[in-house]
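Work through the exercises below with the sequence and the coordinates open beside you. Each task is followed by a solution that goes step by step.

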Amino acid sequence: MAYMLLIVSLAIILLSAEVFTNGIEWLGNKLNLSEGAVGSLLAAVGTALPETMIPVIAILFGAGDMADEVGIGAILGAPFMLSTLALAITGMAGMIWKVNGKRRQTMFIDRPTMNRDLSFFLLVYTVAVLAGIIPDGAKRYVAIFLVVAYGYYVAKTLGCEAGEGCEALKPLHISKKNPDPGIGLITFQIIIALTGIVIGAHLFVQEIELIAARWGVPAFILSVIIAPIATELPEKFNSVIWVRQGKDTLALGNITGAMVFQSSVIPALGLLLTPWHLSKLGIICAALALTAAGTVFILLRLRGEIRPITLAFNSVFYLIFVGAVIVLY
């Protein structure tokens, strides 16, 4: 039954992701936002809700060291999964799906958007990780810096020129015959989709936890690997859908925007409400996330482009971490 429910939860997430991407494109159109802003803010924060809830619930309602372990693991695990597995899957999708009958040589991106997102991520996540070695009294100031930095990122993203790379939109799923649906209908569809994503991700995590408990997996491993794999599925599915449609800026912005959010606002919560002492495995996880994102960022600056194979290569960093888990545990 657990394995059957696992498949059902995946189906719910996939269907909800399709409905969400359609609604979020319409919302961005109504708000006259650029594709970069739609992907990096609206889609990224919206689909980040499931994985955000795990550390929040663990930290606020859990008790003892186990709750802190799950919370910190989930906080570190989300950016790690996004920068390795999510980007890799998007790269693989770029290698598979053709555009106008031709295979991609490079991803069709808005370069300033990718430069902005990756540079912000590398900065704030490095600061969040280094906060693990500073005195406890100073951690609240780091938390404030992370929140302010994200606020600046939002302002800078919204300040980008609207309407870059806009394409014809498919009809809104809940109002297919309406060529110009109102913002109320669009918002309603997004809420339905987000509800489906949260329900599907919660069911997925619940069944994964049940299966992991039978296998005897430690709590930190569960929180840093298994739970993020489940809760990052919305970003992965949304991005694959957008890559298939040739909307690579939306696809990658959905992931890189979530990376910025998950490495600033959520670690700030961890800094304020947990001891924020990182284990050896936690440091390895963070270092690999920074290396994966840093590799893409450096190649983007050098070449002025992101190739699908570059993104696909990030799966190697995920495999390295799995190897570290096996060795250390």
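**Exercise 1.** Determine in which helix threonine 52 lies, whether threonine 52 counts as buried or exposed, and which residues threonine 52 is in contact with.

*Solution.* Threonine 52 lies in helix H3, which covers residues 49-61, where helices are DSSP runs of H or I with at least four residues and strands are runs of E with at least two, both numbered from the N terminus. Its relative accessibility is 10%, so threonine 52 counts as buried; buried means under 20% relative accessible area, exposed means over 50%, and partly exposed is what falls in between, with a 1.4 Å probe and protein chains only. Leaving aside neighbours within four places in sequence, threonine 52 is in contact (heavy atoms within 4.5 Å) with Phe261, Gln262 and Ile266. For glutamine 262, the separation from threonine 52 is 210 residues in sequence, against 7.7 Å in space from C-alpha to C-alpha.

Before going on, note that this is a predicted model, in which local features need pLDDT of at least 70 and side-chain atom pairs count only at pLDDT 80 or more, while totals for chains, interfaces and linings use all residues. Residues are numbered from 1 along each chain as its sequence is written, and side-chain values use heavy atoms, with hydrogens and water left out.

**Exercise 2.** Establish how many residues of helix H2 are buried, and then describe how H2 packs with H10 and how H1 crosses H2.

*Solution.* Begin with burial: H2 spans residues 35-47, and 11 of its 13 residues are buried, among them Glu35, Gly36, Leu41 and Thr47.

Next take the pair H2 and H10 (residues 248-262), whose axes are 7 Å apart at an angle of about 55°; axes are lines fitted to C-alpha atoms, for helices over the stretch in contact, and angles run from 0 to 180 degrees between N-to-C directions. H2 and H10 are therefore oblique to each other, given that angles under 35 degrees count as roughly parallel, over 145 as roughly antiparallel, 65 to 115 as roughly perpendicular and the rest as oblique. Their crossing is right-handed, the near helix being turned clockwise from the far one by less than a right angle. On the H2 side the contact includes Gly36, Gly39, Ser40 and Ala43, and on the H10 side it includes Gly253, Gly257 and Phe261. Sorted by class, this contact has seven nonpolar, nine polar and one charged residues, where Ala, Val, Leu, Ile, Met, Phe, Trp, Tyr, Cys and Pro count as nonpolar, Asp, Glu, Lys and Arg as charged, and the others, Gly among them, as polar.

Finally, the axes of H1 (residues 2-30) and H2 come within 10 Å and cross at roughly 135°, and H1 and H2 are therefore oblique to each other as well. The contact joins Phe20, Ile24, Leu27 and Gly28 of H1 to Val38, Leu42, Ala43, Gly46 and Thr47 of H2, and its residues divide into six nonpolar, three polar and no charged.

**Exercise 3.** Characterise the packing of H12 with H14, and identify which residues have the most contacts inside the largest nonpolar core.

*Solution.* H12 (residues 280-303) and H14 (residues 315-328) pack at about 170° with their axes 10 Å apart, and are therefore roughly antiparallel. Their contact includes Ile284, Leu288 and Thr291 of H12 together with Phe317, Phe321 and Val325 of H14, and it divides into 11 nonpolar, two polar and one charged residues.

Turning to the core, which is a set of buried Ala, Val, Leu, Ile, Met, Phe, Trp, Tyr and Cys residues joined through side-chain atoms within 4.5 Å, the largest one has 84 residues, and Ile225 and Phe321 have the most contacts inside it. H12 gives the most to this core, with 11 residues. Isoleucine 225 itself touches Met81, Tyr318, Phe321 and Val325, not counting residues up to four places away in sequence.

**Exercise 4.** Locate asparagine 100 and tryptophan 276, and decide for each whether the residue is buried or exposed.

*Solution.* Asparagine 100 is found in the loop between strands S1 (98-99) and S2 (102-103), and with a relative accessible area of 77% asparagine 100 is exposed. Tryptophan 276 lies in the loop between H11 (265-273) and H12, and with a relative accessible area of 0% tryptophan 276 is buried. As for the backbone, asparagine 100 has a positive phi of about 55° although it is not a glycine, and phi of tryptophan 276, also a residue other than glycine, is positive and near 55°.
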